[in-house]
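These are my notebook entries on a single protein chain. I set down what I looked up, in the order in which I looked.

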Amino acid sequence: MLVNKKHKNINLRLLFLSVVYLVFCCFIFFFMASVVIDLIFDGKVNLTREVIIDIIVVSTIAGAAGGLGSWLFAKIDERKARKYPPSDPE
């Protein structure tokens with residue numbers, strides 16, 4: 001039997017963890033994308049301090065927006081679940 005392992009309680013700890021996770025994933029993705037784009041167009045990799053700082057800033061913005069958005073929608077779903085009982089209790 002399948003068991004739904006969704007978190008019953010969406011809290012600030014889950015928000016913090018999701019933001020950190022998304023920032024890390026976005027940093028890896030943007031870093032790899034920058035390296036690949038540099039290799040395709042220039043034939044060499046250009047990793048200066050400014051490029052790394054730009055990648056960190058963009059990944060922080062994208063991770064915070066994604067984490068906050070997913071947390072907000074989870075809170076909305078949690079509130080709706082409390083407001084309306086499930087139609088199929090099984």
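The entries below go from the whole chain to its helices and then to individual residues.

**Entry 1. Overall make-up.** I noted at the outset that the model is predicted. I then counted the secondary structure elements and found 2 helices and 0 strands. The chain has 90 residues, of which 14% count as buried. I looked up the accessible surface as well, which comes to about 7,800 Å², with 68% of that area belonging to carbon and sulfur atoms. For the contacts between residues at least 6 apart in sequence, I recorded that 76% join residues at least 24 apart.

**Entry 2. Helix H1.** I took H1, residues 12-41, and checked its length. The helix has 30 residues and spans 43 Å from its first C-alpha to its last, close to the 44 Å expected at 1.5 Å a residue. I listed its buried residues as Leu15, Cys26, Ser34, Val35 and Asp38. Helix H2, residues 49-83, is included in what covers them. Just after H1, I noted that Gly43 takes a positive phi of about 85 degrees.

**Entry 3. Ser34.** I asked whether Ser34 is buried or exposed. Its relative accessible area is 16%, and because the limit for buried is under 20%, Ser34 counts as buried. I then searched for its partners beyond four places in sequence and found that Ser34 touches Val51 and Ile55.

**Entry 4. Between the helices.** I next looked at Ile56, which lies in helix H2. Ile56 is partly exposed, at 40% relative accessibility. I looked up the separation of its C-alpha atom from that of Phe30 and obtained 8.8 Å, the two residues being 26 apart along the chain.

**Entry 5. A nonpolar patch.** Which residues form a nonpolar patch on the surface? I found Val36, Ile37, Ile40 and Phe41, with about 450 Å² of accessible area together. From this group I examined Ile40, which lies in helix H1. Its relative accessibility is 61%, so Ile40 counts as exposed, the limit being over 50%.

**Entry 6. Salt bridge.** How many salt bridges does a search of the whole structure find? I obtained 1. I recorded a salt bridge between Lys75 and Glu78, whose closest N and O atoms are 3.7 Å apart. Both residues lie in helix H2, 3 residues apart, about one turn of the helix. I compared their burial: Lys75 is partly exposed at 30% relative accessibility, whereas Glu78 is buried at 15%.

**Entry 7. Aromatic rings.** I searched for aromatic pairs and the count came to 2. One pair I examined is that of Phe27 and Phe31, with ring centres 6.1 Å apart and planes at 20 degrees, so the pair is stacked. The angle meets the limit for stacking, which is under 30 degrees. Phe27 and Phe31 both lie in helix H1, 4 residues apart, about one turn of the helix. I also looked up their accessibility: Phe27 is partly exposed at 25%, and Phe31 is likewise partly exposed, at 27%.

**Entry 8. Points kept for reference.** I close with two items from the entries above. Helix H2 is among what covers the buried residues of H1, and Ser34 has contacts with Val51 and Ile55.

Notes:
Residues numbered from 1 in each chain as written. Predicted model: local features only at pLDDT ≥ 70, side-chain atom pairs only at ≥ 80, totals over all residues. Heavy atoms only, no water. Buried < 20%, exposed > 50% of the residue type's maximum accessible area, 1.4 Å probe, protein only. Contact = heavy atoms within 4.5 Å. Patch = residues over 30% accessible without salt bridge, like charges linked within 9 Å, V, L, I, M, F, W, Y side chains within 5 Å. Areas by Shrake-Rupley, 256 points an atom, 1.4 Å probe, with all protein chains shown as cover. Salt bridge = Lys/Arg side-chain N within 4 Å of Asp/Glu carboxyl O. Expected span 1.5 Å × (residues − 1). Phe/Tyr/Trp six-rings, centres within 6.5 Å; stacked < 30°, edge-to-face > 60°.
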